[in-house]
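Colleague: I have the model open and want a close look at a single part. Please take me through the hairpin around the loop aspartate and whatever surrounds that spot.

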Amino acid sequence: PVCAAAPRELSFGDLLDRVAPAIVSVKVVLKTEFNMGDAMQEQESVLDALGAVVDPDGLILLWNSQLSATRLMDAVRQMGEGEDFKLKMTPTDFRVTFAGDVREHRAFLAGSDSELDLAFLQLEERPARALASIEFGRSRPARIGDTVFGVSRLSPAFDRAPFLEAGRIAGRITKPASAFILDASPALLGLPVFDSDGHAVGAVATVLSRTSEPAAQGGDMMSYFSLGRGRMESGPLGVFLLPGARVKDLVATARLRAKELLEERQPEVRPGN
């Protein structure tokens, strides 16, 4: 697995080379239903997302809010807005592309956690050989002030080139969930973050505050979208780093569920076939 036996104090180039093969592109076909006044509208769109392989057999981690309107609608209700607004997002197709491979590999949704805002895909066909993957739970405990690194990719217009982002663990919260305040780009949402040894220390996701305090009520419905443009928090939503131990448990659960679903999806083998 990626980072399973990384040497200490990797160079930036070494870290990028190790992690990048596990950061994959995911093309998602989304059906979106929303209301315009009393009438419901429906449209289909294609989303170019990023995911991280977290199991050599093809389990992929990504940001759940790209696939579901649950987090957005919860935030809207928390702000006391949008009572008449309805929004539903349904992913209907997933195609995964690996670096250096132009083929698109079909995948399905294996599980999601709307509270932690992470989701998992599973490749329809097991890979011919073990995939480069990222393992959580091997890093030392993160500390405030630590420099951490994330790997993302540019859009298809620029050959999905991988690049390294550096950030800093700037603090932590204990409510409504235990998470670290990350001074880094929210463009890493849904992706792992690594220490200088190349070990995954956690994954970036949004956290929803359900407190009735006025500070959490600030902002408006559209401020949700500013989270991807340099803001750590907006109204009741914030971007934080979920600890690796929590993500490790989530991966373990998703791995079991993906295995069950794969077995269910295999065509029946009848006698004589």
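Modeller: What follows starts at that hairpin and works outward. Keep in mind that this is a predicted model.

Start with the strands. S5 covers residues 105-113, and S6 covers 118-123. The two run antiparallel, and six bridges join them. For a landmark, find Leu 109: across from it, in S6, is Leu 121. Four residues separate the two strands of this hairpin.

Now the turn itself. Asp 117 sits in the loop between S5 and S6. Its phi is positive, near 65°. Is Asp 117 buried or exposed? It counts as buried, because its relative accessibility is 0% and the cut-off for buried is under 20%. Its side chain has a partner: a polar contact of 2.5 Å links it to the side chain of Thr 206.

Next, look at Asn 64. This residue belongs to another loop, the one between S3 and helix H2 (70-78). Asn 64 touches Asp 117. Its other contacts, leaving aside residues up to four places away in sequence, are Ser 112, Asp 113, Ser 114, Leu 118 and Ala 119. With a relative accessible area of 6%, Asn 64 is buried too. Its C-alpha atom is separated by 8.6 Å from that of Ala 205, although these positions lie 141 residues apart along the chain.

Step back from Asn 64 into strand S3, residues 59-63. Leu 61 is in this strand. It is buried, at 0% relative accessible area. What does Leu 61 touch, not counting residues up to four places away in sequence? The list includes Leu 118, Ala 119 and Phe 120. It also takes in Leu 50, Gly 51, Ala 52 and Val 54. Phe 136, Gly 190 and Ala 203 complete it. So Leu 118 and Ala 119 are touched by Leu 61 and by Asn 64. One more distance is useful here: Leu 61 and Ala 254 are 193 residues apart in sequence, yet 9.5 Å apart in space, C-alpha to C-alpha.

Go back to S5 and look at its other partner. Strand S4, residues 87-97, also runs antiparallel to S5. Three bridges join this pair. Val 96 stands opposite His 105 in S5. S5 therefore pairs with S4 and with S6, as at least two bridges are needed for a pair. One ring deserves a look as well. Arg 265 lies over the face of Phe 108, at 4.1 Å from the ring centre.

For contrast, try a second hairpin. S8 (residues 162-173) and S9 (residues 179-183) pair in the antiparallel sense, over five bridges. Five residues lie between the strands. Arg 172 faces Phe 180 in S9.

Last, an aromatic contact elsewhere. The structure holds one aromatic pair. Phe 12 and Phe 149 make it, in a tilted arrangement: 5.4 Å centre to centre, with 55° between the planes. Phe 12 is in helix H1 and Phe 149 in strand S7, 137 residues apart, so the pair links distant parts of the chain. Phe 12 is exposed, at 55% relative accessible area. Phe 149 counts as buried, at 7%.

To return to your spot: Asp 117 is buried, is joined to Thr 206 by a side-chain polar contact, and is touched by Asn 64.

Key
Residues numbered from 1 in each chain as written. Predicted model: local features only at pLDDT ≥ 70, side-chain atom pairs only at ≥ 80, totals over all residues. Heavy atoms only, no water. Phe/Tyr/Trp six-rings, centres within 6.5 Å; stacked < 30°, edge-to-face > 60°. Buried < 20%, exposed > 50% of the residue type's maximum accessible area, 1.4 Å probe, protein only. Lys NZ or Arg CZ within 6 Å of the ring centre and 35° of its normal. Polar contact = N/O pair within 3.5 Å; in protein donor to acceptor, adjacent residues only side chain to side chain. Contact = heavy atoms within 4.5 Å.
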